[in-house]
Amino acid sequence: MTSVEASPRMGLVSRFYFRYRRLSKKLAILAAVIGPGVIVMVADNDAGGVTTYMLSGAYYRYSFIWIVLLLGPVAYVCQEMTVRLGVMTKRGHAQAIFEAFGPFWGWFSLTDLTLTDCLTITTEFIGMTMAMAVFGIPPLFTEIIVITFIMLMLINGRYWTWEKIVLAICAVNMIYVPVVFFIHPNASQIFRQGVVPGFPEGLGGPVIFLIMATIGTTIAPWMIFFQQSSVVDKGLKKRDVPYARWDTAIGSTFTVVTAIALIIIATIFFGGDTKLTSAGQAAGLLMPLHPWVGTILAIGLFDAGLIGALSVSLASSWAVGEVFGWSHSLNDRLGQAKWFNVFRLSIMVLAGSIVLIPGAPLGVITLFVQVIAVTLLPAALVFLIVLLNQEELVGSYKNTRAQNIMAGSIVAVLLALSTLYAVGTLLPRLFGG
Amino acid sequence: MSLIHDAAEKIRGINRTYAVPRIRLTTGTKAVLVLLRIYLLTLVALLLYSLLTRLGI
């Protein structure tokens, strides 16, 4: 795209008006492009994410804030690659893997994705049912309403409508941020404990586990598949890439701000309480003491679960639809994309059923799902990096050396953490467990 | 029965469609990818073991 500059012969008012018009035009394009990046990043703070941040605040106070600050750019680096790949190949991630690496790796990736997505959707339903239980609404009723709402969103068959509704739901995810201003946390304490890097109580097994869960809630395999398919379904073109990068950057900023707000809230109300097991439990405990905080926590948790269920169920349905050649666009009406919708409905019903098992340890399951997701993430990232290094696929949008080093470092750190945790599981005494 | 047969035929069709990968991996790269997968799946198995022991199952 050629860039038109203001002529030096223009008067001051004309130059100002010219720049104003140019900025307005760019903002209008950004407003049109914004969506996939913000949705995928806000869906990071899904129900599992809310529980993970609440527990990190409750167990280790502000100590995890610096990790969250680091994870924002990390998530941006991973997700920005999917934008370039989607725009240049016009393929969803699953189809891109099948085409580039053949069926063996394709089936492997698709199976990984579908299984982890099913588990992640389970955590979304855990969060939503726990949040609504605070208001006395039974889990089965919550699940039926949620699944019906998610399926009805596709009834008019327009990606644009779907995206705008989801963006409105994403805005509710920021509900935790104003709470921080009302509870007056100690800023210098946040800086000393949270922003200066350090590990609480050393780098023991439980800390590594919670760090992995935090990483797992910020970057996960489903996000790679979701954003690439979303970019393709939305029909973004090469000229939209700079705006799509802004979309992703704005989304990652929202994620970090919301996550930090949650850690602060958890520290203020539950700091040092190692018996807390979930965000739903936290909302219930706050209701008698601070009803408005408990209510906000419950609403936010429900909203987080809803965004998560919406996005994660789409990630695997898009992927399976691409590979099986089913009609899989959100621009298709419910009946047109029959198998795509049947698949999506089935994984939601399956995930919802697990939540209804009496006595299931829902808080523990939530944390473990995040850790399983992050353990499988390096495999997905390696494929992404290899694909982004194929000039015949992505042309000038090939990864630069710096991008490869950053992405490679992320894979190395994830592998190191997973290994540390595995060693800690096998030899708990090594970490004083 | 015919549903399973149709699904199997569909999967065979997908395998035929993508039989020739666009990216040619060297044997070394393939070996590294397979080892990485096996390693990650072992880690997931350990995680599940850890979950089950934590739950006392």
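**Figure 1. The contact between chain A and chain B in the predicted model.** Here we look at where the two chains meet: chain A brings 26 residues to the contact, and chain B brings 19 residues. On the chain A side, at least two residues each come from α5 (93-101), α6 (103-133), α15 (291-324), α17 (362-387) and α19 (401-426). Of these helices, α17(A) supplies the largest share, with 10 residues. If you sort the chain A residues that touch chain B by character, you will find 19 nonpolar, six polar and one charged.

**Figure 2. The helices of chain A and how they pack.** Stepping back for a moment, chain A has 19 helices and zero strands. Its radius of gyration is 22 Å, close to the 22 Å that the globule rule gives for 433 residues, so chain A is as compact as a globular protein of that length. Along the principal axes, the C-alpha atoms of chain A occupy a box of roughly 65 × 55 × 45 Å. Buried residues account for 52% of the 433 residues in this chain. Take the contacts in chain A between residues at least 6 apart in sequence: 86% of them link residues at least 24 apart.

**Figure 3. The largest nonpolar core, with Leu262(A) among its best-connected residues.** This core holds 142 residues, and those with the most contacts inside it are Leu262(A), Ile263(A) and Leu301(A). The helix that gives the most to the core is α15(A), with 17 residues. It is worth pausing at Leu262(A): once neighbours within four places in sequence are set aside, Leu262(A) is in contact with Val50(A), Tyr53(A), Met54(A), Gly57(A) and Tyr176(A).

**Figure 4. Arg61(A), a buried loop residue with positive phi.** Follow the chain from α3 (47-60) towards α4 (65-89), and Arg61(A) appears in the loop between these two helices of chain A. Although Arg61(A) is a residue other than glycine, its phi is positive, near 50 degrees. Arg61(A) counts as buried because it has 22 C-beta neighbours inside 10 Å, and the cut-off for a buried residue is 20 or more.

**Figure 5. His184(A), an exposed loop residue with positive phi.** This view shows the loop between α9 (176-183) and α10 (187-195) of chain A, where His184(A) sits. His184(A) is not a glycine, yet its phi is positive, at about 45 degrees. Is this residue buried or exposed? His184(A) is exposed, because 8 other C-beta atoms lie within 10 Å, and a residue with 12 or fewer counts as exposed.

Conventions
Residues are numbered from 1 along each chain as its sequence is written. Chains are lettered from A and ligands numbered from 1 in the order in which they are written. This is a predicted model: local features need pLDDT of at least 70, side-chain atom pairs count only at pLDDT 80 or more; totals for chains, interfaces and linings use all residues. Helices (H or I, at least four residues) and strands (E, at least two) are DSSP runs, numbered from the N terminus. The radius of gyration is taken over C-alpha atoms; the globule rule is 2.2 Å times the number of residues to the power 0.38. Two residues are in contact if their C-beta atoms, placed from the backbone, lie within 7 Å. Ala, Val, Leu, Ile, Met, Phe, Trp, Tyr, Cys and Pro count as nonpolar, Asp, Glu, Lys and Arg as charged, and the others, Gly among them, as polar. A nonpolar core is a set of buried Ala, Val, Leu, Ile, Met, Phe, Trp, Tyr and Cys residues joined through C-beta atoms within 7 Å.
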